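This report looks at a pocket, an aromatic pair and one residue with its contacts, and is best read with the structure open alongside.

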Amino acid sequence: QLKTVTSDINDLKKSIDGVSKSIENLNKKGAAGMNNFGNATKQAASNFSQFGNIVKGGLAIIGIQSGIQAIKEFGVEAIRSAAEFQKNQIAFKTFIGSTAEANKILNDLVQLAIKTPFTSEQTIQAARVLAAYGVNAQQLIPIVKRLGNISAGTQIPLEQIALVFGQIKAAGKLMGQDLLQLVNAGFNPLQEISERTGESMASLRKRMGEGKISFKEVEKSFI
């Protein structure tokens with residue numbers, strides 16, 4: 001029985017090694033890395049299932065149970081991550097229309113998360129909100145980065161700030177309620193516009209009250 005369990009543990013470790021290497025390859029090989037990841041997680045899932053049946057049969061050995069559980073939990077999380085990645089890949093392909101471009105954006109969002117206080121899940125979700133509001137693919141990373149700087153300084157969730165930005169885009173202009181949310185988050189787009197163009201704050205506020213601060217003007221202040 002110990003020999004059987006030991007053999008299954010070794011199979012699980014090999015599967016997890018495969019998943020780990022495939023995770024590393026996601027950033028390097030785009031779609032090809034995703035395919036390898038899928039194959040690795042499928043093999044891991046098969047081994048987890050087989051191992052689970054043995055454990056259910058009463059062959060768990062005292063002293064290795066905690067290690068076995070840790071291995072299984074790691075594998076389940078890896079499989080869940082693969083499924084989430086595929087879901088995001090499909091979502092961005094739908095928004096952008098290109099698998100290659102979707103993979104590149106996902107890769108860039110993961111890299112951005114590594115360099116910031118945010119998780120890849122947070123950067124990806126913020127970008128999905130922006131993409132859903134029709135933000136151009138080429139502007140997603142710069143805008144998420146800028147929104148991330150705002151979020152990090154105020155502790156307001158990144159996705160929430162992305163939502164405000166999306167609402168401004170949907171309206172096509174900057175309105176008072178959206179300005180207030182951004183100012184409360186520590187970012188004043190009117191100030192940015194003023195510094196870039198030389199237009200006074202008084203003039204900008206007047207134009208905003210007349211509905212004449214366009215989304216394009218606001219967008220430039222985020223890039």
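In this predicted model, the second largest pocket is lined by F118, Q122, Q125, S151, A152, Q155, I156, P157, L158 and E159. Helices α4 (120–132), α5 (137–154) and α6 are the elements that each give two or more residues to this lining, and the space inside the pocket comes to about 160 Å³. By character, the lining residues divide into five nonpolar, four polar and one charged.

Helix α6, which spans residues 158–171, also carries F165, one partner of an aromatic pair. The structure holds one such pair, formed by F165 and F215 in an edge-to-face arrangement, with 5.4 Å from centre to centre and 70 degrees between the planes. Because F165 lies in helix α6 and F215 in helix α10, the pair ties together parts that are 50 residues apart in sequence. Both F165 and F215 are buried.

Helix α10 (215–222) is followed by the segment in which I223 is placed. Leaving aside residues up to four places away in sequence, I223 touches Q139, P142, I143 and R146. With R146, I223 has a C-alpha to C-alpha distance of 6.8 Å, although 77 residues separate the two in sequence.

The two residue pairs described above are set out here, each with its own kind of distance.

| Pair | Separation in sequence | Distance in space |
|---|---|---|
| F165 and F215 | 50 residues | 5.4 Å, centre to centre |
| I223 and R146 | 77 residues | 6.8 Å, C-alpha to C-alpha |

Terms used
Residues are numbered from 1 along each chain as its sequence is written. This is a predicted model: local features need pLDDT of at least 70, side-chain atom pairs count only at pLDDT 80 or more; totals for chains, interfaces and linings use all residues. Side-chain values use heavy atoms; hydrogens and water are left out. Helices (H or I, at least four residues) and strands (E, at least two) are DSSP runs, numbered from the N terminus. Contact means heavy atoms within 4.5 Å. Rings of Phe, Tyr and Trp (its six-membered ring) pair if their centres lie within 6.5 Å; planes under 30 degrees apart count as stacked, over 60 as edge-to-face and the rest as tilted. Buried means under 20% relative accessible area, exposed over 50%, partly exposed in between (1.4 Å probe, protein chains only). On a 1 Å grid over the protein atoms alone, a cavity is a set of points where a 1.4 Å probe fits but cannot get out, and a pocket is an open set with protein on both sides within 12 Å along at least five of seven lines; lining residues have an atom within 4 Å of a point. Grid points are joined across faces, edges and corners, and a volume is the space filled by probe spheres set on the points. Ala, Val, Leu, Ile, Met, Phe, Trp, Tyr, Cys and Pro count as nonpolar, Asp, Glu, Lys and Arg as charged, and the others, Gly among them, as polar.
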